[in-house]
Amino acid sequence: MSSYSPIGPVVGVIGAGQLARMSQPPAIALGVELRVLANNSEESAARVVVDTRIGDYRDLGDLREFAKGCDVITFDHEHVPTEHIRALTANGYVVHPGADALVHAQDKAVMRERLTAIGAPCPAWARVRSVDDVTAFAGEHGWPVVLKAVRGGYDGRGVWVCRSPADVVEAFASGIELMAEAFVPFERELAVLVARSPHGQGVSYPVVETVQQDGICVEVIAPAPGLDQEQSAQAQRIALTIAEQLGVTGLLAVEMFQTSGGLLVNELAMRPHNSGHWTIEGSTTSQFEQHLRAVLDLPLGTPKMTAQHVVMANLLGGDDPDVFKRYEHVLAHDPGIKLHFYGKKVRPGRKIGHVTALGSNLDEVRARARHAAVHLMTGEYV
């Protein structure tokens with residue numbers, strides 16, 4: 001029997017970006033009251049969620065005030081200090097994912113240590129504190145060496161591909177804690193999105209291919225074309241095992257490299273993820289609904305696809321901020337295309353939305369998504 005109030009459970013989301021914004025429609029359908037903690041009223045989710053509180057996610061007092069009255073707390077990003085999450089739990093608040101799980105998405109060195117311990121396939125890696133440490137690592141694994149910020153990097157930020165000690169000096173000049181990984185000559189990048197509930201139910205979405213440009217995902221193809229059934233099942237098993245071993249509650253996105261020697265785990269995210277935006281139209285249960293179900297310990301929904309092929313293309317801001325004047329052509333040209341805008345001011349390179357196309361012919365679906373994305377961003381026709 002539910003212990004929630006007659007108006008439904010209150011889910012507090014720390015962070016008010018596009019992930020929180022896209023959680024509002026399924027929250028409405030599920031009868032969930034969504035509350036978001038925003039830095040200011042202009043943030044993406046703050047524009048559409050009625051119960052928006054303004055505060056600093058780095059301030060424990062603000063977090064405690066925000067948490068009052070929430071049935072469960074979850075996240076739009078991984079930047080909340082781990083010790084603050086532990087404090088909220090100690091105060092009796094339900095937080096999913098918890099600090100012991102989320103730290104693996106916050107700290108890349110902790111992640112690598114744990115993944116190595118549970119036998120997940122990973123690139124060679126090491127903690128490094130000096131140029132000499134990196135040079136020694138390169139002596140064992142070869143150049144180039146990939147240096148990563150242990151905390152805080154995303155969308156290609158906080159990553160340095162070093163081909164010589166001179167490059168390493170430049171990376172250390174950032175003044176942040178770094179770790180080293182062997183450079184992986186991968187064939188392509190894949191992602192697996194899984195969900196896990198507090199009582200241990202787990203489901204996996206189909207494996208997708210992600211296409212990167214300058215460190216930013218520009219396209220997601222579901223399912224990953226040409227991936228054989230055995231390797232697809234292996235990728236899903238790896239992701240579900242990681243979710244179980246790390247005690248994840250909610251969504252877990254596992255980014256992987258497909259190499260000639262097999263699969264390697266690259267990154268983790270414990271929240272709805274860019275690689276899963278296609279699920280809004282392309283799956284019976286979107287990643288946003290699934291995350292709400294999981295953190296509330298409701299039965300998880302089917303991840304079954306609604307079409308044979310689904311392609312999502314990110315919209316990155318360009319020089320012309322007036323994207324809306326190009327609506328008419330895109331909607332008239334392809335009535336089946338789906339547009340999602342995040343309520344963000346346009347600036348070059350910023351993710352301002354995405355488009356999704358569905359169909360039975362992959363080449364056609366990709367072309368449709370690309371046409372809509374390019375025209376909305378630049379006004380050009382492809």
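**Exercise 1. Domains**

Task: In this predicted model, how far apart are the centres of domain 2 and domain 3?

Solution: Taken over C-alpha atoms, the centres of domain 2 and domain 3 are separated by 29 Å. To find the pieces on screen, use the domain assignment: domain 1 covers 10–95, domain 2 covers 124–182 and domain 3 covers 186–378.

**Exercise 2. Helix α6 and its two partners**

Task: Work out how α6 is oriented against α5 and against α9, and list who touches whom.

Solution:

Step 1. Start with α5 (residues 99–106) and α6 (residues 108–118): their axes are 6 Å apart, and the packing angle is about 110 degrees. An angle of 65 to 115 degrees counts as roughly perpendicular, so that label fits α5 against α6.

Step 2. Now pick out the side of α5 in this contact: Val-103, His-104 and Gln-106. On the α6 side they meet Lys-108, Val-110, Met-111 and Arg-114. Sort these residues by type and you get 3 nonpolar, 2 polar and 2 charged.

Step 3. Turn to α9 (residues 229–246). Its axis and that of α6 come within 11 Å, crossing at roughly 110 degrees. That makes this pair of helices, α6 and α9, roughly perpendicular as well.

Step 4. Here α6 contributes Arg-114, Leu-115 and Ile-118, while α9 contributes Ile-242, Gln-245 and Leu-246. The tally for this contact is 4 nonpolar, 1 polar and 1 charged.

Step 5. Zoom in on Leu-115, which sits in α6. With a relative accessible area of 0%, Leu-115 is buried. Leaving aside residues up to four places away in sequence, Leu-115 touches Ala-120, Cys-122, Ile-242, Val-265 and Leu-268. As for Val-32, 83 residues away along the chain, its C-alpha atom is 34 Å from that of Leu-115.

**Exercise 3. Aromatic pairs**

Task: How many aromatic pairs turn up in the whole structure, and which geometry does the pair of Tyr-205 and Trp-278 have, edge-to-face or stacked?

Solution:

Step 1. The search finds 5 aromatic pairs.

Step 2. For Tyr-205 and Trp-278, the ring centres are 6.4 Å apart and the planes meet at 85 degrees, so call this pair edge-to-face. Tyr-205 is in the loop between β10 (202–204) and β11 (208–213), and Trp-278 is in the loop between β14 (262–269) and α10 (279–282), so the pair ties together parts that are 73 residues apart in sequence.

Step 3. Check accessibility. Tyr-205 comes out buried at 1%, and Trp-278 is buried too, at 2%.

Step 4. Compare that with Phe-324 and Phe-341, a tilted pair at 5.5 Å centre to centre and 40 degrees between the planes. Phe-324 is in the loop between β15 (309–316) and α12 (327–333), Phe-341 is in strand β16 (residues 338–341), and the two are 17 residues apart.

Step 5. Look at exposure again: Phe-324 is exposed, at 52%, whereas Phe-341 counts as buried at 17%. Both belong to one aromatic cluster along with Tyr-327.

**Exercise 4. Helix α11 and what follows**

Task: How many residues of α11 are buried, and what does phi do just after the helix?

Solution:

Step 1. Count along α11 (residues 287–295): 9 of the 9 residues are buried, so the helix is largely enclosed by the rest of the structure. Among them are Phe-288, Glu-289, His-291 and Arg-293.

Step 2. Just after α11 comes Asp-297, with a positive phi of about 60 degrees. Asp-297 lies in the loop between α11 and β15 and is partly exposed, at 33%.

**Exercise 5. Backbone oddities**

Task: Which residue joins Pro-97 through a cis peptide bond, and where does Asp-214 sit?

Solution:

Step 1. Keep the background in mind: most residues other than glycine have a negative phi, and most peptide bonds are trans.

Step 2. His-96 is joined to Pro-97 by a cis peptide bond, omega about -5 degrees. Pro-97 lies in the loop between α4 (82–90) and α5.

Step 3. Another cis bond joins Ala-222 and Pro-223, with omega about -10 degrees. Look for Pro-223 in the loop between β12 (216–222) and α9.

Step 4. Asp-214 is in the loop between β11 and β12. Its phi is positive, near 55 degrees, and Asp-214 is exposed at 72%.

How values were computed
Residues numbered from 1 in each chain as written. Predicted model: local features only at pLDDT ≥ 70, side-chain atom pairs only at ≥ 80, totals over all residues. Heavy atoms only, no water. Axes fitted to C-alpha atoms, helices over the stretch in contact; angles between N-to-C directions. Helix = DSSP H or I, 4+ residues; strand = E, 2+ residues; numbered from the N terminus. Parallel < 35°, antiparallel > 145°, perpendicular 65-115°, else oblique. Contact = heavy atoms within 4.5 Å. Nonpolar A, V, L, I, M, F, W, Y, C, P; charged D, E, K, R; others polar. Domains from an automatic or database assignment. Phe/Tyr/Trp six-rings, centres within 6.5 Å; stacked < 30°, edge-to-face > 60°. Buried < 20%, exposed > 50% of the residue type's maximum accessible area, 1.4 Å probe, protein only.
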